[in-house]
Amino acid sequence: MSDRIVSWHASPSKPLYTPPAGAVDAHCHVFGPMAQFPFSAKAKYLPEDAGPDKLFALRDHLGFARNVIVQASCHGTDNAATLDAIAKSNGKARGVAVVDPAISDADLAKLHEGGIRGIRFNFLKRLVDDAPKDKFLEVASRLPEGWHVVIYFEADILEEMRAFIAAIPVPVVIDHMGRPDVTQGPDGVDMKAFRDLLDSRDDIWFKATCPDRLDPTNDPWDKFAEAVAPLVADYQDRVIWGTDWPHPNMQDNIPDDGHLVDMIPRIAPTAELQQKLLVTNPMRLYWPEEL
């Protein structure tokens, strides 16, 4: 198929920064392989294969120990590719699923056995056609013990998301900080609104991720570093980090994953902060039994 897209760097650089032992890439995806795990008929993009072999090779190249694999929207609610990658990780990966809200409790239990520890609600209209909040709340009330909800939305709908987020009965993790306009700086309207959200519940976490998506000034993404470092410092026990590999829909502005890793000491400048961001916090969410 000629229209399949490649959104990842063919040979990312080796980072200058070395992550601490046990570091977790807590936001990444797998695509296919399509022959084994076909993409959803509703997929808004059709990527080339980016399976577990590639993901784990990148993990080792960048200096990480573990992955949290988030179900990509191109696979819809069939989590087979994500479960397959977790199964091939030798215990070094856990996952976040996307489910039909009508999923049975038995199927949720099977996902738990397969290494899933949360479900994701996507509110990006260009990626999903339907985001039924009432059904999302119902399934959130039935999750296995210790699970959380991951939410992906853009800053312009934060206000209308507040009541929904407040009603979620388990911890919440916000993907990519709700996509604020980082060019406004750390005290900009978007970042202030996001801080208000974090202050509304002490179990809302966030991913300090995706400078390549959020900073139009491009690599080395100085505006992202400037806007996000104060947020990480102020909410250091509720922040996690990930590469977002293989960078869905970024085929026109593919980031160098080594440079993404080199952002870490710019947003978390001390060893203590880096340990929380990359080890302590993601382990609390995804491997609490090991703590």
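A disulfide is a pair of cysteine sulfur atoms within 2.5 Å. Keep that in mind for this predicted model.

Q: How many disulfides does a search of the whole structure find?
A: The search comes up with 0 disulfides. Take Cys28: the nearest cysteine sulfur belongs to Cys210 and sits 11 Å away. The cut-off is within 2.5 Å, so Cys28 is in no disulfide.

Q: What about Cys74, and how far away is the nearest cysteine sulfur?
A: That sulfur is the one of Cys28, 13 Å away. A disulfide needs the pair within 2.5 Å, so Cys74 is in no disulfide either.

Q: Why is Cys28 called buried?
A: Buried means under 20% relative accessible area. Cys28 has 0% relative accessibility, so Cys28 counts as buried.

Q: Why does Cys74 count as buried?
A: Cys74 has a relative accessibility of 0%, so it passes the test of under 20%.

Q: What makes strand E4 mostly covered?
A: Count its residues: in E4, which spans residues 116–122, 7 of 7 are buried.

Q: How do you know that E3 and E4 pair?
A: Pairing takes at least two bridges, and E3 (residues 93–97) shares 3 with E4, so they pair, in the parallel sense. Val96, for instance, has Gly118 in E4 as its bridge partner. Between these strands, helix H3 (residues 105–113) completes a right-handed β-α-β unit.

Q: What makes E4 and E5 a pair?
A: They have 5 bridges, and at least two are needed, so E4 and E5 (residues 148–152) pair, again in the parallel sense. Here Phe121 stands opposite Ile151 of E5.

Technical notes:
Residues are numbered from 1 along each chain as its sequence is written. This is a predicted model: local features need pLDDT of at least 70, side-chain atom pairs count only at pLDDT 80 or more; totals for chains, interfaces and linings use all residues. Side-chain values use heavy atoms; hydrogens and water are left out. Buried means under 20% relative accessible area, exposed over 50%, partly exposed in between (1.4 Å probe, protein chains only). Helices (H or I, at least four residues) and strands (E, at least two) are DSSP runs, numbered from the N terminus. A crossover is right-handed if, with the strands pointing away from the viewer, the path from the first strand over the helix to the second runs clockwise.
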